[in-house]
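Please work through the exercises below with the structure open beside you. Each one sets a task and then solves it step by step.

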Amino acid sequence: MSGRTGPDAAPWTIHVDSDAAIVAARRQGRHLAHGLGFGAAQVATVVTVITELTRNILLYAGEGDLTLTTIGAGRRPGLEITASDHGPGIANLTEALADGFSTSGRLGLGLPGVKRLMDEFDITSTPGCLTTVTTRTWRK
Amino acid sequence: MTAATQLLARLTGHVHSWSAIAARAPRVAMPLSPKDPTTVPTRLADQYESLLRECATGADEVLLHAAYELGRQMLSTRLGVLDVVALHTRLMGDTVPDGGADEIVPWLHAADLILLEVLTPFEMTHRGFRTANAALRASEERYRELMENANDAIFTVDLDGRLTSLNRAGERLIGYSRRDALQMRLDAIIAPEHPDLVRTLHRHALDLPHERMRYQVDVLASDGRRIPVEISARGIFEGDALVGLQGIARDVTDRRNAETALRHLNRHLEQKAKRIAHALHDEAGQLLASVYLRVAEIADELSPPARRSVEDLRTLLDQVDDQIRRLAHELRPTILDDLGLVPACQFLAEGVSKRARLTITVGGSTGGRLHSDVETALYRVAQEALTNVARHAHAASAAVSFERTDRVLKGCVRDDGVGFDVQAVLQRTGHRGLGLIGMRERLVAVGGQLHVRSAPGEGTAIEFDVPLES
């Protein structure tokens, strides 16, 4: 396939401080995912995760960074999506990641949704300090 | 034109015939959702419409992002996938661009992308539901296994009293297969002395929604046996509405037998005590009376100084007489049989008070006479408790009280003494531990229970209660 992004491409980072940045991140994510040979459903997944993470940054921290890295050189290719910000942090990680379908009536979007869509999910957060969400998905 | 004809055209590859279809087809909406399409808030519908109009020039990332955000909003206003698809279908008819296939086909593709993007947040939620449902199923499975393997019978009934579930232990208990049992009403397997059990349970479930209710009833097994069970039941609520009852039934045959045996043993002991008390009172009293007479005769024959020593002897004999009467009384107080629990306890308290030099008050009321087994048991418990106070508590005062409620008689013996470590004493089987166990057994024999509250330096309260037969 022509124009496929090689697994060794350098990380792509964008400073997220506006809707325009979200759109740019989505576009880049779509491009990278296509390039890795992801199917339509997985491309949609990647774009969704990018949207949820960047809108979280805007909503809770006002600004932050999103980095897209193609990974898995020589093996099954994948995409790593990292979001970090200096917002108020997440005081209760367990609560933030809890799916509240039956009890709180939440819709399972946001971080729980991201966690579900991706193969790997990692979050570090200290209230008032850096919050970093790192997620990975491998080509299906 | 409808989305369905558009889709059909695309699937069959007859894209070239599009302009013809577009020219002929009227612009009508095809309702897909059972809901009125107007249930979509106008603001959201307008936004969707403008997205479809804008994508005539292609769906760029800005538009797709807007579609995603719109989908999120639709989801959070509780719209369903069918609502979104119905809206899409309706608006497609309204927004199809004028022109030929070369304009309509790219627009259709872009509109598809818009719809997919709007539906993506729904997909995320659906996956969540799938995960949550899988977890729920696993937990229900574990729960079912626990219930199936429980030793107690577990059942549910609906508001009409019909059995709606029953575990294996329940089948064993009543001797009906689950299939047969689930055709039956709870009334049919409960002894006729409790005709209103289901209704009573309902009332209690409504009065105290989160508490378990306990009932002792007899179950009628399929082979005609009566099996005494203790039922612990609770209401099943959906929201605030009571929809049924859930219960656990435990076969208490063994416990019931042990209680009966204990009650017989206690009765037997009381009769023995009564005989000894009579012997002591009547026979020893008679003997003492003749000793009195003999001493009086001897005194008459003596000189005045010697007579005075014999007078001292008579005072001692008075004391022996008094002691024998009291002992006989405590062994089996006739006052308990004649006047009841509170007067008997008052008499007992006077005796202990004198011997141990502490103030004892007796208060409250039993609200009339009780079954003699119950009165005896409560008297013996109070007696043992007061003996303990006199022996171990170093108390200045103690109080015995009784209180009767609707179905229960409660009693309490409290002192202001040194207290003790309840756990430690119950683990030892010294006299004191045995005393507590003895009290408990007296009560268990009449269906009652005992609570000991004490801590070093904080006095002691022996609380007990006995259910009363209505």
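**Exercise 1. Find how many salt bridges the whole structure holds, and follow one that links distant parts of chain B.**

Solution. A salt bridge here is a side-chain nitrogen of Lys or Arg within 4 Å of a carboxyl oxygen of Asp or Glu, and a search over all chains finds 34 of them. One of these joins Glu230(B) to Arg255(B), with the closest N and O atoms 3.1 Å apart. Next, place the two partners: Glu230(B) belongs to strand S4 (residues 226–238) of chain B and Arg255(B) to helix H10 (residues 253–300) of chain B, 25 residues apart; helices (H or I, at least four residues) and strands (E, at least two) are DSSP runs, numbered from the N terminus. Finally, consider burial, where buried means under 20% relative accessible area, exposed over 50%, and partly exposed in between (1.4 Å probe, protein chains only). Glu230(B) is buried because its relative accessible area is 19%, whereas Arg255(B), at 36%, is partly exposed.

The model is a predicted one, in which local features need pLDDT of at least 70 and side-chain atom pairs count only at pLDDT 80 or more, while totals for chains, interfaces and linings use all residues. Residues are numbered from 1 along each chain as its sequence is written, chains are lettered from A and ligands numbered from 1 in the order in which they are written, and side-chain values use heavy atoms, with hydrogens and water left out.

**Exercise 2. Compare the salt bridge of Arg380(B) and Glu270(B) with that of Asp321(B) and Arg325(B).**

Solution. Begin with Arg380(B) and Glu270(B), whose closest N and O atoms are 2.8 Å apart. Arg380(B) sits in helix H14 (residues 372–393) of chain B and Glu270(B) in helix H10 of chain B, so far along the chain that 110 residues separate them. Both Arg380(B) and Glu270(B) are buried.

For Asp321(B) and Arg325(B) the closest N and O atoms are 3.3 Å apart, and both residues lie in helix H11 (residues 304–331) of chain B, four residues apart, about one turn of the helix. An α-helix has 3.6 residues a turn, so residues three or four places apart point the same way. Asp321(B) is buried because its relative accessible area is 17%, while Arg325(B), at 43%, is partly exposed. As a last step, note that salt bridges with shared partners join Glu270(B), Lys274(B), Arg332(B), Asp337(B), Arg380(B) and Arg442(B) into one network.

**Exercise 3. Describe the interface of chain A and chain B.**

Solution. Count the residues in contact (heavy atoms within 4.5 Å): 22 of chain A meet 20 of chain B. The buried area, which is the accessible area (1.4 Å probe) that two parts lose on being put together, summed over both, is about 1900 Å², and carbon and sulfur atoms give 60% of it. Then look for charged pairs: six salt bridges cross this interface, including one between Glu117(B) and Arg26(A), with the closest N and O atoms 3.0 Å apart. On the side of chain A that touches chain B, the elements giving two or more residues are helix H1 (19–35), helix H2 (40–61) and helix H4 (110–117) of chain A.

**Exercise 4. Decide whether H4(A) is mostly covered or exposed.**

Solution. Seven of the eight residues of H4(A) are buried, which leaves this helix mostly covered. Among the buried residues are Gly110(A), Leu111(A) and Arg116(A).
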